[in-house]
Amino acid sequence: MANAEKGAATLDDAMANLPVLIDPSDQVEEMSKLWHAGLPAGDSTGWPSLDKHFTVVPGQFTVITGWPGAGKSEFLDAILVNLARQRWKFVIFSAENLPVTLHISKLLEKVIGQPFGQGPTERMTEQQVIEVTNKLSRAFRFIHAPMGAVTASMILETAQQYLGALPAGTKKGVVIDPWNELEHWRPTGLSETEYVSQTLSLVRTWARDNDTHVFIVAHPQKMRREEGKLPIPRPDMISGSQHWWNKSDCAISVYRDPETPDAQEVDIHVQKVRFKHVGRPGLVTLLYDRVTGKYREPVNLTVVEPTKNWVDI
């Protein structure tokens, strides 16, 4: 096809998908319903102290960052388990938790509250492994990429095969962990910043169009120390910089002092929340149990623990 023909085809495609105009008066009935019901907060993360700052709503995009070893993936897995108890369904691409059986073992620990492997602490039984693994299938699917090269678009398209077949009203989520492991085919002449902007716009639009919450875990570019200490990482430290601030609905940084790697305290910095009915920026400290991968709130807080038994979903 000649360049002129290509240009005409592209213009025709664009004209066929023009934005639409909405008259506020057409929304009166919906606005009345919203007035009575109120702007809905998202679903609980599982920790009341964190829920004051961050809840999970379908159709949004959250970025989670932190230095290597801070526990980003473990923290996100804990959120997923708590949301699954509230009937959420997830498709997970986790390149750093392979093989999939390893990832499943981590989820089992968070559900059962006992270690998977042998050690000084009593481990879960084989019967528990079988029963809960079967129950995990009610909420989770994992993306396996035999060839290794996976793009964000490929993950979303694959996820839709499962999520799109779920009943209307099902709360859904997709996990990309980490962004840095994706294949980034960048067209010639397109800068990295422009590429990140376009790709994150695609992710955000897909999340809204499909009423699905997308979590992306992304590593900061470099470990730059300030006055001898690692700073709290921010979204603009991720490759592609400011667009991670701009495009995300929520931004969270997981921070554990690298000088005391065995410490239980993990700081959860909620750095951005686009909509105030969903939460607000702030800092929450959780305690991490290395044996089971579970997080809990400090004992001086009133804690409403989710039931230990897996809720049918």
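## Notes on a nine-strand sheet and its salt bridges

1. Let us start with one residue: E74 is buried, at a relative accessible area of 17%. Here buried means under 20% relative accessible area, exposed means over 50%, and partly exposed is anything in between (1.4 Å probe, protein chains only). Please keep in mind that the model is predicted, so local features need pLDDT of at least 70 and side-chain atom pairs count only at pLDDT 80 or more, while totals for chains, interfaces and linings use all residues. Residues are numbered from 1 along each chain as its sequence is written, and side-chain values use heavy atoms, leaving out hydrogens and water.

2. Now the overview. The protein has nine helices and nine strands; these are DSSP runs numbered from the N terminus, helices being H or I over at least four residues and strands E over at least two. Of its 313 residues, 45% are buried. Taking contacts (heavy atoms within 4.5 Å) between residues at least 6 apart in sequence, 69% join residues at least 24 apart.

3. How are the strands ordered in the sheet? The sheet is open, with mixed pairing, and reads β3-β2-β4-β5-β1-β6-β7-β8-β9. The edge strands, each pairing on one side only, are β3 (140-142) and β9 (295-296). Two strands count as paired if DSSP finds at least two bridges between them.

4. Strand β7 (residues 265-273) is a good place to look next, as seven of its nine residues are buried. On one hand, β7 pairs antiparallel with β6 (residues 250-255) over six bridges, and I252 stands opposite V270. On the other, six bridges join β7 to β8 (residues 282-288), again antiparallel, with I268 opposite V284. Further along, β8 and β9 pair in the antiparallel sense over two bridges, and L287 faces R296 there.

5. Helix α2 (residues 28-37) is hardly covered: zero of its 10 residues are buried. G38 follows α2 and has a positive phi, near 85 degrees. L39, in the loop between α2 and α3 (48-51), counts as exposed because its relative accessibility is 54%.

6. Which salt bridges deserve a look? The rule asks for a side-chain nitrogen of Lys or Arg within 4 Å of a carboxyl oxygen of Asp or Glu, and eight salt bridges satisfy it. In α2, E29 and K33 meet at 3.8 Å, N to O; they sit four residues apart, about one turn of the helix. E29 is exposed at 56%, whereas K33 is partly exposed at 46%. Elsewhere, E74 pairs with K106, their closest N and O atoms being 4.0 Å apart. This pair links distant parts of the chain, with E74 in helix α4 (residues 72-84) and K106 in helix α5, 32 residues apart.

7. D249 and R274 also form a salt bridge, with closest N and O atoms 2.8 Å apart. D249 lies in the loop between α9 (243-247) and β6, and R274 in the loop between β7 and β8, so the pair ties together parts that are 25 residues apart in sequence. D249 is buried, at 1% relative accessible area, while R274 is partly exposed, at 30%. Back in α2, salt bridges that share partners join E29, E30 and K33 into one network.
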